[in-house]
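Visitor: I am new to this structure and would like to learn how to read its features one at a time. Could you take me through them slowly?

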Amino acid sequence: MAKLNVYNMKKEVVDAVELNDDVFGADYNESLIHQVIVAQDNNARQGTKSTLTRSEVAGSKKKLYRQKGTGGARHDEKSAPQFVGGGVVFAPKPRDFSQKINKKMRDIAFSSALSQKIRQEEVFILDDVKFENAKTKEASAFLKTFGLNKRTIIVTDGKDEKVMKAIGNIQKVTCENVDLLNVSQIVKNTYLVITKSAIKKLEEAYV
């Protein structure tokens with residue numbers, strides 16, 4: 001079992017925690033992680049784009065002018081794609097982009113991504129994340145203390161309004177409830193800040 005330090009908000013070591021290998025010691029499976037992220041992104045797509053083809057454009061279907069003798073190109077009706085207001089070639093239509101990923105695949109990818117973050121030393125475990133006044137200044141000082149200068153996600157056990165308010169004006173920093181954390185969020189953020197109670201909740205959910 002991997003053993004990681006637990007910090008307070010000042011980056012002082014206050015405890016240590018042993019991580020369960022079933023959750024935090026999985027092999028890196030890049031292809032499965034990619035498959036799950038693609039599915040998650042596709043499932044988030046609305047698929048509501050819709051434009052008119054030439055057969056759907058309202059208006060006269062009369063040929064614009066005679067075929068020969070004008071010196072110009074040959075044209076059919078005004079709804080042809082080359083005219084302003086005409087139909088669209090290969091027009092996008094509403095469609096379902098959703099992809100099914102079974103729970104076992106999703107769980108393995110989640111554990112694999114999380115384990116890789118720990119191997120890369122990009123995970124910080126805190127006893128708790130608290131911003132008493134919910135100020136951006138507090139959050140900025142915290143990020144500077146830990147050297148979190150790239151995309152960062154703060155994972156808490158439950159929704160914390162003060163944390164969300166404190167980081168609301170800081171680019172590339174987000175906060176998520178551990179119950180809603182997914183593979184895409186782990187991979188797309190460089191650093192993962194997670195509370196000790198959230199770690200325990202993950203082990204209970206995935207072991």
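Guide: Let us begin with a cut-off that we shall need several times: a residue counts as buried when its relative accessible area is under 20%, and as exposed when that value is over 50%. Please keep in mind throughout that this is a predicted model.

Visitor: Is Ala39 buried or exposed, then?

Guide: Ala39, which lies in helix α2, has a relative accessibility of 1%, and because this is under 20% it counts as buried. If we leave aside residues up to four places away in sequence, Ala39 touches Gln99 and Ile101. Glu122, by contrast, is 83 residues from Ala39 in sequence, and the two C-alpha atoms are 25 Å apart in space.

Visitor: How should I read the packing of two helices?

Guide: Two packed helices are described by the angle between their axes and by the distance between those axes. Here helix α2 (residues 30-43) packs with helix α3 (residues 103-119) at an angle of about 115°, the axes being 9 Å apart, and the crossing of α2 and α3 is left-handed.

Visitor: Which residues make the contact between α2 and α3?

Guide: From α2 come Leu32, Ile33, Gln35 and Val36, while α3 brings Met105, Arg106, Ile108, Ala109, Ser112 and Ala113. Sorted by character, the residues of this contact divide into seven nonpolar, two polar and one charged.

Visitor: And how many aromatic pairs does the structure hold?

Guide: There are six aromatic pairs. One of them joins Phe124 and Tyr191, whose rings are 6.3 Å apart centre to centre with 50° between the planes, a tilted arrangement. Phe124 lies in strand β3 (residues 123-126) and Tyr191 in strand β6 (residues 191-195), so this pair ties together parts that are 67 residues apart in sequence. Both partners count as buried, Phe124 at 13% relative accessibility and Tyr191 at 16%.

Another pair is edge-to-face: Phe131 and Phe142 are 5.9 Å apart centre to centre, with 75° between the planes. Phe131 is in the loop between β3 and α4 (136-146), whereas Phe142 is in helix α4, 11 residues apart. Phe131 counts as buried at 2% relative accessibility, and Phe142 does so at 3%.

Visitor: Which residues do ring pairs link into a cluster?

Guide: The cluster is made up of Tyr7, Phe124, Phe131, Phe142, Phe146 and Tyr191.

Visitor: What lies over the face of Phe97?

Guide: That is Arg45, at 3.6 Å from the centre of the Phe97 ring.

Key
Residues numbered from 1 in each chain as written. Predicted model: local features only at pLDDT ≥ 70, side-chain atom pairs only at ≥ 80, totals over all residues. Heavy atoms only, no water. Phe/Tyr/Trp six-rings, centres within 6.5 Å; stacked < 30°, edge-to-face > 60°. Helix = DSSP H or I, 4+ residues; strand = E, 2+ residues; numbered from the N terminus. Buried < 20%, exposed > 50% of the residue type's maximum accessible area, 1.4 Å probe, protein only. Lys NZ or Arg CZ within 6 Å of the ring centre and 35° of its normal. Axes fitted to C-alpha atoms, helices over the stretch in contact; angles between N-to-C directions. Left-handed = near helix turned anticlockwise from the far one by under 90°. Contact = heavy atoms within 4.5 Å. Nonpolar A, V, L, I, M, F, W, Y, C, P; charged D, E, K, R; others polar.
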